[in-house]
Amino acid sequence: MIKKILFFTIILLSLTACNKKQEKLIDLVNYDSVWNHLESFDKIGKENNSNRAVGTPGGIASKNYIVEFLTNLGLSPVAHNFTNRSGAQGSNLTVEIKGKRDGDIVLIGAHYDSVVFGPGINDNASGVAILLEIIEVIQKAGIVPDKTLRFAFWDSEETGVEGSAAYYNALSEDERKQIAAYLNVDMVASTDGEIQISDTDGSTVQGVLDEAVKNGVEPESIDMLKAFYGAMKFAPGSEKLEQLTKDAFAQLNVEVVEDLTFAMNSDTGPFFAQIPTIGITVVKETTESTGDGGEILSFAPCYHQACDDINNIDKRILESCLKAVAIIVQQIGVGNSVSE
Ligand SMILES: [Zn+2]
């Protein structure tokens, strides 16, 4: 009888082990939780002069929301305070889920500040909400990742990428070397948008230049463009991240395009030349009337406007980005860890 019980116990144990092993982030993440975060940030905006900008009550309330959420998960977020160029008090937040190999870090970031003109729900509560959901599922499943996952919630991005730059500048050489990869998630729910990922090997530069020539741009300006893009060299290892990101979206049957121009315009900026980096953003270029007969180019519907609220979210695109980030974080940081 003992033998038989042992036999069954072994079968049961191996079945449980199998179940645990199949616990992938992509199966755990839940769109509804992401949506709930967006509603919370929308509410924060509504209660605070319709914005969540750096140093404002809405910005501080957003920070407090993130801190409270992470603390309730049993995590210990750390604030990194700085003063931005306009004298506003900024505060980046980082939080770590320790991996089996400490000192081997994957950094995943999204800015939580909005512009002063609107609540910034697409730009960039969307990225923040994805990070919070990824953190929650890892923490609740008790997953111990291969590498240490360091999540960053940047402040003062909208004033010129100041928060992530302050953070990067404060790191020592050794601390920078510990970061194996940086993944940036910014504005990932633009209605009818095109999912863009960083062009880390400059493969799109010639196309951009050809297009400029076709549009009658002066030769001197073409030379300047060429020099500008030529100087944008991503750190070695970025191409691997680019390929992995393409594969993640391909697995979801979602199309992406490569883009180089956005590397400087988001929190990828301080990192990409030094640390293997990849960024995800969603763009829908539109021209909008300025009211006085002129037109301005806008990167997304309601971009930097009061209408970037909860009604400005493309659910299908946001869900695709959530799943892609889950796949990427699994591959670059979590590995095939079994939960404990
Ligand atoms: Zn943004």
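**Exercise 1. Find where E285 sits in this predicted model, and work out whether it is buried, exposed or in between.**

Start with the chain: E285 belongs to the loop between β8 (277–283) and β9 (286–289). Next, look at its surface. The relative accessible area of E285 is 48%. Buried means under 20% and exposed means over 50%, so E285 counts as partly exposed.

Now check who touches it. Skipping neighbours within four places in sequence, E285 is in contact with L297, S298 and F299. Finally, try a distance: the C-alpha atoms of E285 and L132 are separated by 28 Å, and the two residues are 153 apart along the chain.

**Exercise 2. Work out which residues hold the zinc ion and what kind of site they make.**

First, list the donors. H111 gives its NE2 atom, D123 gives an OD atom, and D186 shows up twice with OD atoms, all at 2.0 to 2.8 Å. Along the chain, these donors follow the spacing H-x11-D-x62-D.

So where do they come from? H111 is in strand β3 (residues 101–111), while D186 is in the loop between β5 (179–185) and β6 (194–198). That pair is 75 residues apart and links distant parts of the chain.

Then look at the angles. The four donor atoms give angles of 51 to 148°. Four donors count as tetrahedral if all angles lie between 85 and 135 degrees, and this site is irregular.

Last step: accessibility. H111 has 0% relative accessibility, so it counts as buried. D186 comes out at 7%, so it is buried too.

**Exercise 3. Sort out which cysteines are paired and which one is not.**

You're looking for one disulfide in the structure. C302 and C307 form it, with their sulfur atoms 2.1 Å apart. The torsion about their S-S bond is about -115°, so the disulfide is left-handed.

Compare the partners: C302 is buried at 15% relative accessibility, whereas C307 is partly exposed at 30%. What about C321? C321 is in no disulfide, and the nearest cysteine sulfur, that of C302, is 18 Å away. C321 is buried, with a relative accessible area of 0%.

**Exercise 4. Describe the surroundings of T148.**

Place it first: T148 lies in strand β4 (residues 147–154). At 0% relative accessibility, it is buried. Then hunt for a polar atom close by: the backbone nitrogen of G99 is 3.0 Å from a polar atom of the T148 side chain. Not counting residues up to four places away in sequence, T148 touches several others, including E96, I97, R101 and D104.

**Exercise 5. Explore the nonpolar cores, and see what helix α6 packs against.**

Begin with the largest core, which has 64 residues. The ones with the most contacts inside it are I134, F151, F153 and I280. Zoom in on F151: leaving aside neighbours within four places in sequence, its contacts include L93, V95, I108, L131 and I138. Another core, of 11 residues, lies apart from the largest one, and I105, W154, L171 and Y182 are among its members.

Now move to α6 (residues 162–170). Its buried residues are E162, G163, S164, Y167 and Y168. These pack against β1 (78–83), β2 (89–97), β4 and α7 (173–177).

Notes:
Residues numbered from 1 in each chain as written. Predicted model: local features only at pLDDT ≥ 70, side-chain atom pairs only at ≥ 80, totals over all residues. Heavy atoms only, no water. Donors = N, O, S within 2.8 Å, 3.2 Å for Na, K, Ca; no water. Tetrahedral: all angles 85-135°; square planar, octahedral: opposite > 155°, others 65-115°. Helix = DSSP H or I, 4+ residues; strand = E, 2+ residues; numbered from the N terminus. Buried < 20%, exposed > 50% of the residue type's maximum accessible area, 1.4 Å probe, protein only. Core = buried A, V, L, I, M, F, W, Y, C linked by side-chain atoms within 4.5 Å. Contact = heavy atoms within 4.5 Å. Disulfide = S-S within 2.5 Å. Polar contact = N/O pair within 3.5 Å; in protein donor to acceptor, adjacent residues only side chain to side chain.
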